[in-house]
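Please open the model in your viewer and keep the selection panel at hand, since each stop of this tour begins with something to select.

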Amino acid sequence: MDLLWGPLHDRLAVHGISNQLTFAVGMVVSYFIFYLLHCYFFFYCDKSGLLDKYAIRDAKHKLPSDRLYMKSIQEGCFDCLVIKPIFCYYAFSIFEPYISFSLDLPPAHVMIGTVLLMQASYSTTFFLMHMLFHKVPILYKYAHKQHHEFHESVGFGSMYFHPTEGALSMIHVIIPAVVFKPHFVVWILYIIVTLVEIVDAHCGYDVPWKVLYLWSDIYPWGSGARGHDYHHSHNKGMYGVRVFVENGHTIDSMFDVCYLKCLSLDNVCYLCRAACLVSGIACCSATVTLRPMNTSMGELHKMGVYSVGASTAL
C-alpha cells in the first residue's frame, strides 16, 4: 500500500491538490466503482440470467417492476455522479479534523484492525438505526417506507431511500471517523468494504464468493443477502448483524426458516434453533420437522414456506 500511496501523495503535493479535493475524488471514485458499477453488474445479471442459479427466492431472480427499477437506477446515477461530488467536497470540513493525510501509513495490521473496528461500528449503528426506523411509526412512514417499495432485492435498491434517511445515515460515517481518526487510505478502504456490503445485501443472489464477505450468512454473526432479502420480502426482522437480542431472543429469529432451511416460529432463540436443527423436536411451541439440508430455497418458497405462526411440519 505504501508503494501506491507514497507516489500519489507526492504527486498531489507537487500539483497543489488540496486534501479537500483528494477526499472528494477518493469518495466519488469509490462510489462509482464499488456502488454504481457493482449495481450495474447485478443489473446485467438480472436481465441476462447470468446468476439465476444463485437466485435466493426462486429459480429465476424475481425482479421489481420496470418503473421502480428504472427509477432506482436514475436516482442512483444522479446521486453518484451529481450529489456525491458536491456533497463530499463540502462535507470535508466535518471530517477534516479526524482524517490524516500524512505520507506515512500505519502498519498493515493496524490498518486492517482499524477497518474491522470501523465495520463493527457501522454494523452497530446500522442495526440500531434500522430497527428504530421500523419500530417508530413516524420514522418508518416519513423516512424508511420509500426504501421498502422494493419487495424484491436488487443492487440499485440499496440506496433508494428518502433524503431524511440519507441525512440520518451520516451517523454511519461520522462516528467511525471521530472515534478511530483513520488515515485517508484506511478511510477509503472502509468506504469500499461498506459499499460492497450494502450492494451485496440487496443483490438478491446467494453469490458463490460470499465466503469472502465477513457479513455473509455463513458466519454466525452475518445476515448477508439471504437475510436482507427476507427483510424486504417480509418487511420485518433481520435488521442487520445477528448478535443482538431482544427479550431474551435473537431479534433476527423470524429469519429461521430461510437461514436453517427448516420451519420455525418467530422468537426462537439460538439454543432452541440448534435443538430444532439437530433433532426436529417440539421447540418453543412449534413442532419442527426438517427437510434434507440440500433443499433449495427455491423449493421451499415454491411450497409457500416463508414463515410460520403455528405448529407446522415440512
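Begin by selecting F23, which, leaving aside its neighbours within four places in sequence, is in contact (heavy atoms within 4.5 Å) with C88, F92, F95, I99, F101, F184 and W187. This is a predicted model, in which local features need pLDDT of at least 70 and side-chain atom pairs count only at pLDDT 80 or more, whereas totals for chains, interfaces and linings use all residues. Residues are numbered from 1 along each chain as its sequence is written, and side-chain values use heavy atoms, with hydrogens and water left out.

Next, add Y35, F95 and W187 to F23: of the 55 residues in the largest nonpolar core, these four touch the most other members. Such a core is a set of buried Ala, Val, Leu, Ile, Met, Phe, Trp, Tyr and Cys residues joined through side-chain atoms within 4.5 Å, buried meaning under 20% relative accessible area with a 1.4 Å probe, protein chains only. Helices α2 (19–48), α3 (66–95), α4 (108–135), α7 (171–180) and α8 each supply at least two residues of this core, and α8 gives the most, with 12 residues; helices here are DSSP runs of H or I, at least four residues long, numbered from the N terminus.

Then select K181, in the loop between α7 and α8, where a positive phi of about 45° occurs although K181 is not a glycine.

Finally, display α8 (residues 184–202) with α9 (residues 224–234), which pack at an angle of about 55° with their axes 7 Å apart. Here D200, A201 and H202 in α8 meet G224, A225, H228, D229 and H232 in α9.

Notes: Axes fitted to C-alpha atoms, helices over the stretch in contact; angles between N-to-C directions. Buried < 20%, exposed > 50% of the residue type's maximum accessible area, 1.4 Å probe, protein only.
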